[in-house]
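User: I should like to learn how to read the features of a protein model. Please take me through one, feature by feature.

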Amino acid sequence: MHGLINKAVEAFVHDTYGADAWRNIACRAELEDPSFEAMMVYDTVITPRVVECATEALGVDRGDFLQNLGTYLVSQPSQQAVRRLLRFGGVDFVDFLYSLDDLHDRARLAVADLFLPKLELREHTLNQFSLTVRSDIDGFGHVLIGLLTAMADDYGALVMVEYGGRQGEVETIAIALLETAFAAGNRFELGARA
């Protein structure tokens with residue numbers, strides 16, 4: 001697993017629950033170094049082990065933890081690079097949804113050895129969508145629910161997002177777009193740094 005993902009989990013725990021909580025989780029997960037390096041590649045078993053130790057140590061539901069991580073990745077000022085990568089997907093939330101099919105490849109343009117799950121959006125009716133998430137690691141669907149909800153807020157859209165479960169390596173998410181211009185979205189300029 002790419003260090004950027006592990007570093008995001010570390011930053012989320014540190015910023016949300018504190019440095020002591022992160023040290024406890026790193027100890028439980030038997031990490032050689034409690035601080036991940038963003039540009040390193042780690043064994044794929046480390047990330048699920050860290051998430052498991054985090055949910056046990058914090059006494060939180062795994063799905064809720066991962067969903068909150070997804071929200072954090074978009075809404076936390078220290079994670080603005082993620083928000084910017086996602087906002088390049090379109091001028092409104094519907095454009096953004098359609099851009100999710102290409103997110104895997106766009107992320108690899110930014111970081112060549114970063115492998116995100118493959119996403120496939122399907123439109124069922126004008127405002128009803130489903131998103132399939134293909135990954136050998138369980139839980140990316142929950143992260144995406146938090147991310148989608150935060151991005152809807154960022155665009156000013158009102159959505160309902162529901163986890164549909166996992167079968168094999170595929171997780172499904174149902175997305176109902178209730179209103180595209182529910183509120184004023186957050187400012188975003190193509191050339192801006194913030």
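**Reading the model, residue by residue and helix by helix**

Analyst: This is a predicted model. A convenient starting residue is C53, which is found in helix α3.

User: Is C53 buried or exposed?

Analyst: A residue counts as buried when its relative accessible area is under 20%. C53 has a relative accessible area of 8%, so C53 is buried.

User: Which residues does C53 touch, beyond those up to four places away in sequence?

Analyst: Leaving out those neighbours, C53 touches I25, R28 and A29. A separation along the chain can also be set against a separation in space: C53 and A26 are 27 residues apart along the chain, and their C-alpha atoms are separated by 8.1 Å.

User: How many helices and strands does the protein chain have, and in what order do they run?

Analyst: The protein chain has eight helices and four strands. Read from the N terminus, the elements follow the order α-α-α-α-α-α-α-β-β-α-β-β.

User: At what angle do helix α3 and helix α4 pack?

Analyst: One reads a helix pair from the angle and the distance of the two axes. Helix α3 (residues 46-58) and helix α4 (residues 62-75) pack at an angle of about 110°, and their axes are 10 Å apart. Angles of 65 to 115 degrees count as roughly perpendicular, so α3 is roughly perpendicular to α4.

User: Which residues meet in this pair?

Analyst: From α3, the residues V51, A54, T55 and L58 meet R62, F65 and L66 of α4. By class, the contact of α3 with α4 consists of five nonpolar residues, one polar and one charged.

User: Where is V60 placed, and which residues does V60 touch?

Analyst: V60 lies in the loop between α3 and α4. Beyond residues up to four places away in sequence, V60 touches Y17, T55 and F65. The relative accessible area of V60 is 28%, so this residue is classed as partly exposed.

User: How do the axes of helix α1 and α4 cross?

Analyst: The axes of helix α1 (residues 3-17) and α4 cross at roughly 95° and come within 10 Å. The two helices are therefore roughly perpendicular to each other. On the α1 side, the contact is made by A8, V9, A11, F12, V13, D15 and Y17, and on the α4 side by F65, N68, L69, Y72 and L73. The classes in the contact of α1 with α4 are ten nonpolar residues, one polar and one charged.

User: What of a backbone feature, such as the phi of E30?

Analyst: E30 has a positive phi of about 55°, although E30 is not a glycine. This residue is found in the loop between α2 (19-28) and α3. With a relative accessible area of 67%, E30 is exposed.

User: Let us turn to the interior. Which residues touch the most other members of the largest nonpolar core?

Analyst: A core is read from its members and from the elements that supply them. The largest nonpolar core has 29 residues, and F93, F96, L97, L131, L148 and I173 touch the most other members. At least two residues of this core come from each of α6 (93-99), β1 (118-125), β2 (128-134), α8 (140-155), β3 (158-167) and β4 (170-179). The largest share is that of α8, with nine residues. Apart from this core lies another, of 24 residues, including V13, W22, L69 and L73.

User: Which residues are in contact with L148, leaving aside neighbours within four places in sequence?

Analyst: L148 is in contact with F93, F96, L97, L100, L131, V161, I173 and I175.

User: How do T132 and T149 read by accessibility?

Analyst: T132, in strand β2, has a relative accessible area of 8% and is buried. Beyond residues up to four places away in sequence, T132 touches K118, L119, E120, R122, V170, E171 and T172. T149, in helix α8, counts as partly exposed at 31% relative accessibility. The C-alpha atoms of T149 and G70 are separated by 8.7 Å, and these residues are 79 residues apart along the chain.

User: What do the totals for the protein chain give?

Analyst: Of the 194 residues in the protein chain, 45% are buried. Among contacts between residues at least 6 apart in sequence, 62% join residues at least 24 apart. The protein chain exposes about 10100 Å², of which carbon and sulfur atoms supply 53%.

Note on methods:
Residues numbered from 1 in each chain as written. Predicted model: local features only at pLDDT ≥ 70, side-chain atom pairs only at ≥ 80, totals over all residues. Heavy atoms only, no water. Core = buried A, V, L, I, M, F, W, Y, C linked by side-chain atoms within 4.5 Å. Buried < 20%, exposed > 50% of the residue type's maximum accessible area, 1.4 Å probe, protein only. Contact = heavy atoms within 4.5 Å. Axes fitted to C-alpha atoms, helices over the stretch in contact; angles between N-to-C directions. Parallel < 35°, antiparallel > 145°, perpendicular 65-115°, else oblique. Nonpolar A, V, L, I, M, F, W, Y, C, P; charged D, E, K, R; others polar. Areas by Shrake-Rupley, 256 points an atom, 1.4 Å probe, with all protein chains shown as cover.
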